[in-house]
Amino acid sequence: MEYQNLLLEKNEGLLVVTINRESKLNALNGKTLEELKSAFEMAYDEQDIRAVIITGKGEKAFVAGADISEFKDLNELNARKFSEEGQEIFNGIEACPKPVIAAVNGFALGGGCELSMACHIRVASDNAKFGLPEVSLGIIPGYGGTQRLPQLVGKGIANELIFTGDMISAQRAYEIGLVNHVVPQEELMDKAKSLANKILAKAPLAIAHAIDCVNASTKNEAGYQSEANAFASAIKTEDFTEGTTAFLEKRKPNFQGK
């Protein structure tokens, strides 16, 4: 596949995937998700790839969210498909038998936060920001965020972050267990690669089995389907229309609970 929105670099067993939409703060549009799926299918298949790092181009953003401009054509039916397709891609990342490390450089919001949570390990730069602001648009996280965040930080903190849509610092993300390490921006990739190389020295099949077993401990297919159904239901509300319109018009939304 010829990649337009990703940069791929392979070196000594390590694949570095860089989301390359810096002018859009690396927002996830349909094309980027399609390319991510293809890149991970390659990672699955190629034996010389034994670990993966995902990062974003530039210093401002890992992924600042989904591309909101693509939301305007969503209705209840295709919104469910939209959510399920994103879940499928992120579930594929989580199920990858090779360790996947998120090197979070800057904003990781909405779909970006969800992408980082689908990775096995998260390393953040000290300027990174995390959040699931979807309720500000009249919707909910739809790519697995309502499922993975409670698994990582506990139900109470996850509820607060999802209900308020608050953005938190890298240090706060570390304190609640959302990220494994926080380092200066200039040390981010070195730290991610150091972790990857430490894992590369271990038995590959044992790592694959460990990934499978850890994932099995948190498997809840019904929860992901509930998320997709609720995401689709939210799409048909007047609040969703108001929330996304307000976002695109750069104004505060006026929600009516309809």
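Student: Which classes are found in the lining of the second largest cavity?
Tutor: Seven nonpolar residues, one polar and one charged. Ala, Val, Leu, Ile, Met, Phe, Trp, Tyr, Cys and Pro count as nonpolar, Asp, Glu, Lys and Arg as charged, and the others, Gly among them, as polar. The lining consists of C113, F130, G131, L132, L149, L161, D166, I168 and L178. By that definition G131 counts as polar and D166 as charged.

Student: What kind of model is this?
Tutor: It is a predicted model: local features need pLDDT of at least 70, side-chain atom pairs count only at pLDDT 80 or more, and totals for chains, interfaces and linings use all residues. Residues are numbered from 1 along each chain as its sequence is written, and side-chain values use heavy atoms, without hydrogens and water.

Student: What makes a space a cavity rather than a pocket?
Tutor: The way out. On a 1 Å grid over the protein atoms alone, a cavity is a set of points where a 1.4 Å probe fits but cannot get out. A pocket is an open set with protein on both sides within 12 Å along at least five of seven lines. Lining residues have an atom within 4 Å of a point. A search of the whole structure finds three cavities of 30 Å³ or more.

Student: What volumes do the two largest cavities have?
Tutor: The largest cavity holds about 70 Å³, and the second largest about 50 Å³. A volume here is the space filled by probe spheres set on the grid points, which are joined across faces, edges and corners.

Student: Which residues line the largest cavity?
Tutor: N91, E94, Q151, N215, T218, K219, N220, E221 and Y224. Helix 2 (76-94) and helix 9 each give two or more of them. By class there are one nonpolar, five polar and three charged residues.

Student: How do you know what counts as a helix or a strand?
Tutor: Both are DSSP runs, numbered from the N terminus: helices are H or I with at least four residues, strands E with at least two. The protein chain has ten helices and ten strands.

Student: What lines the largest pocket?
Tutor: Its lining has 32 residues, and A64, G65, A66, I68 and F247 lie nearest the centre. The space is about 640 Å³. Helix 10 gives the largest share, four residues. By class, the lining divides into 20 nonpolar, seven polar and five charged residues.

Student: And which element gives the most to the second largest pocket?
Tutor: Helix 8, with five residues. This pocket has a volume of about 400 Å³. Among its 19 lining residues, C119, H120, I121, V214 and N215 are closest to the centre.

Student: Why is K193 called partly exposed?
Tutor: Its relative accessible area is 31%. Buried means under 20%, exposed over 50%, and partly exposed in between (1.4 Å probe, protein chains only). K193 falls in between, so it is partly exposed. K193 sits in helix 7 (residues 188-200).

Student: What does K193 touch, beyond residues up to four places away in sequence?
Tutor: L14, V16 and I53. Contact means heavy atoms within 4.5 Å.

Student: Why does K250 get another label?
Tutor: K250 has a relative accessible area of 77%, so it is exposed. K250 lies in the segment after helix 10. Its phi is positive, about 60°, although K250 is not a glycine.

Student: Where does L25 lie?
Tutor: In the loop between strand 2 (14-19) and helix 1 (30-45). Its phi is near 55°, again positive in a residue other than glycine. L25 is partly exposed, at 31% relative accessible area.

Student: Which residues of helix 10 are buried?
Tutor: D239, F240, E242, G243, T244 and A246. The buried residues of helix 10 pack against helix 9 (221-235).

Student: How do you know that the chain agrees with a compact globule?
Tutor: The radius of gyration is taken over C-alpha atoms, and the globule rule is 2.2 Å times the number of residues to the power 0.38. For 258 residues that gives a value near 18 Å; the protein chain has 18 Å, so the two agree. Of those residues, 49% count as buried. The C-alpha trace spans about 55 × 40 × 35 Å along its principal axes.

Student: What share of the contacts with a separation of 6 or more joins residues 24 or more positions apart?
Tutor: 73%.
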